[in-house]
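Visitor: Hi! Could you walk me through how the protein and DNA meet here?
Guide: Happy to, let's take a look together.

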Protein chains: 2
Amino acid sequence: MARRAKTPAPLVSDLDARKATILEAVVIEHIDTAQPVGSSSVAHHADLGVSPATVRTEMVALEREGYLAQPHTSAGRVPTDKGYRYFVDHLASGVLGPAQQFQVKEFFTHVRGEVEDVLEQTSLLLSQLTRYTSVVVGTGHSRASVLSVQLVNLDARHHLLVTVYSDGTVTKHSVLASFEATHVEVTEASRQLNALLIGTTLDATVQVPSRTDTVAKLVREAVSVLHAEAPTMDGEQVYIGGSSRVAEVFEGVETVRKVLSILEQELLVVSLVEDILEKGVSVAIGSEHGYEPLSSCAVIVAPVSVEGETVGAVGLLGPTRMKYQEVMAAAEAVSQHLTHHFGGEDRG
Amino acid sequence: MARRAKTPAPLVSDLDARKATILEAVVIEHIDTAQPVGSSSVAHHADLGVSPATVRTEMVALEREGYLAQPHTSAGRVPTDKGYRYFVDHLASGVLGPAQQFQVKEFFTHVRGEVEDVLEQTSLLLSQLTRYTSVVVGTGHSRASVLSVQLVNLDARHHLLVTVYSDGTVTKHSVLASFEATHVEVTEASRQLNALLIGTTLDATVQVPSRTDTVAKLVREAVSVLHAEAPTMDGEQVYIGGSSRVAEVFEGVETVRKVLSILEQELLVVSLVEDILEKGVSVAIGSEHGYEPLSSCAVIVAPVSVEGETVGAVGLLGPTRMKYQEVMAAAEAVSQHLTHHFGGEDRG
DNA sequence: GTTAGCACTCGGTAAAATCGAGTGCTAACA
DNA sequence: TGTTAGCACTCGATTTTACCGAGTGCTAAC
């Protein structure tokens, strides 16, 4: 028994075959219809040769164990978060339809451009593919080393510090000096900065010159600006695709508003995705992720890694009654293609 | 008579004083309550010493002339787009509340950072200020000249072309060569690119070397990559703040979805804003802007200019029954502060 | 353990009744 | 001529009532 399985070990459970089938039937139908599911409908669709009455007794049990819930007496049953959890852990498994597979392949053979563009486009792809809102996260250059620094002067006091990192990201920082500097001095400062910083990572401390001439002051200024940003700005990028889906997929203005307002906060989205990744889980249902305003959401994530290192993730956000099979398959497929795209070095 | 006034010349109109007052009352109350407004309510609030009956006859006239509409017989009146138009052109004028004024001032004395960050934060400010969704557009470096180009090699075949423009923007482009290049060659190419491009704008053609050595090939490659992007990528930046407001402010899922899906398309948003600016108008109501899916929206824009040149705009998007006075005042104030912020050179 | 039978619950929908804000019109008035 | 009170009328919104039927839980028979 693995100490930490890919999905958290089921508490007590493992329903017997029939209960599982019934649960599955309820989940599937409810996902499809958004309505409570009744015993007769289950008896009919899941073809265990049993009558509704039997199904009913089983459903009572499933409800007692917390997999199902009744909106009110004399309505059908609806899956709980726990019910969905069992479903995705034990029952769901789907493959991408051929049309979708084709679309994904097409996409990845044709994308070109900068990493950022690819990620952004990918988020659109995902939301088209699944009809849910997608989240693509690129984790930044925290471990990337500096390839090149350059100080460009805009005018005598304003300079722009442009840094290129080994992972291909580029940052810029304004440097406002309290003194004037000539073009030559700026160029020299640039040269020294290169000597100083190339090969280092942002968290490393460097030996700055203590002289008091203009060039040295420029260098110190630049280094401090750069390092000041280091802790906050991890260079995470977030791309959200199909946020308008939120309005289609959730019911109730209030829910829509809540979800949208979460999506607006990029930092929050990043940590949500990272939290889920960290737990080694690929799906977080309802309250599982611990973000209260998203308690009616399910989030599916799949990591994107290059050389064993997780460099990002793709995610999809929908109601708890989302189409897990399809969506998980899509996330899987896209994340793998992305992994390959960034790993398999031979694309622009 | 000016050939093209700041706001399109009123067709026939200019209502007499009493009609105007009545229209104003209807608009104000409807903005407030979202309900059709009846004659008695108008007679009461607008204190022209007249009875509801008289108001009614006037309202009939206003309806005939297209300023008001009746959702159905025996309901109150609702302003039409034309009614709102008259309202904003002739009647509306408001100033920012002191609290808001303070907030704006506070904001602009404390913002720091890159242009992009300032614009993004501004969009948040605007949406907080007005409780509507905001749009901040920065028009790009189409006329900016190149300050510096640098080719950085990631590995033998992958290079990164980093360009700094006179307006402080920085772009990066991957350059994938079909041949290998040494570090020295890349550095030399970098030097030549600088000599070649500094001071030019993207639309200018440059004399590339026709030699066939590695350096020359690199240079040609880089120049072509850079120029290829020029027409599409104008470097426009769009920042949307408070998109969750859409869900609060519009009613009907379908409307919300439509609006959100427009907001997702950055290009579309940019051209919407630019269209309105171009017409020299600051408010576009309902069908005026010609974007059908936004026919229930009003858009308020204010240009941001530096040295007489329009470099961007701030905008706010709400339902046609939005609080024009407040919102226009806010847009005005923020755009002026922004103008000043970018014009008054002494901030980082 | 399963099932048919059955009484019961209760949300959803439809029809009916009611309400009232607001209208348009007319006739009297200044 | 413009204004106003009076009044019948309209019609959406709200409430009431009735009813249907899907679905339940329970029980007794298989």
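**Protein and DNA**

Guide: Of the atoms of DNA strand D within 4 Å of the protein, 74% are sugar or phosphate atoms, and the rest are base atoms. This is a predicted model, where local features need pLDDT of at least 70 and side-chain atom pairs pLDDT 80 or more, while totals for chains, interfaces and linings use all residues. Residues are numbered from 1 along each chain, chains are lettered from A in the order written, and side-chain values use heavy atoms, without hydrogens and water.

Visitor: Which residues are closest to DNA strand D?
Guide: A:Ser39, A:Arg56, B:Arg18, B:Val50 and B:Thr54, out of 19 that surround the strand. A residue is near a strand if one of its heavy atoms lies within 4 Å of it.

Visitor: What does A:Arg56 sit by?
Guide: A polar atom of the A:Arg56 side chain is 2.7 Å from a base oxygen of strand D. That is a polar contact, a pair of N or O atoms within 3.5 Å.

Visitor: And which part of DNA strand D is 3.1 Å from B:Ser51?
Guide: A phosphate oxygen, with a polar backbone atom on the B:Ser51 side. Likewise, a polar backbone atom of B:Gly49 is 3.5 Å from a phosphate oxygen of strand D.

Visitor: Switching strands: how many residues are around DNA strand C?
Guide: There are 17, and A:Arg18, A:Thr54, A:Ser74, B:Ser39 and B:Arg56 come nearest. Sugar and phosphate make up 75% of the strand C atoms within 4 Å of the protein.

Visitor: What do A:Arg18 and B:Arg56 reach?
Guide: The side chain of A:Arg18 has a polar atom 2.7 Å from a phosphate oxygen of strand C. For B:Arg56, a polar side-chain atom is 3.3 Å from a base oxygen of strand C.

How values were computed:
A polar contact is a pair of N or O atoms within 3.5 Å; within protein, one must be able to donate a hydrogen and the other to accept it, and residues adjacent in sequence count only if both atoms are side-chain atoms.
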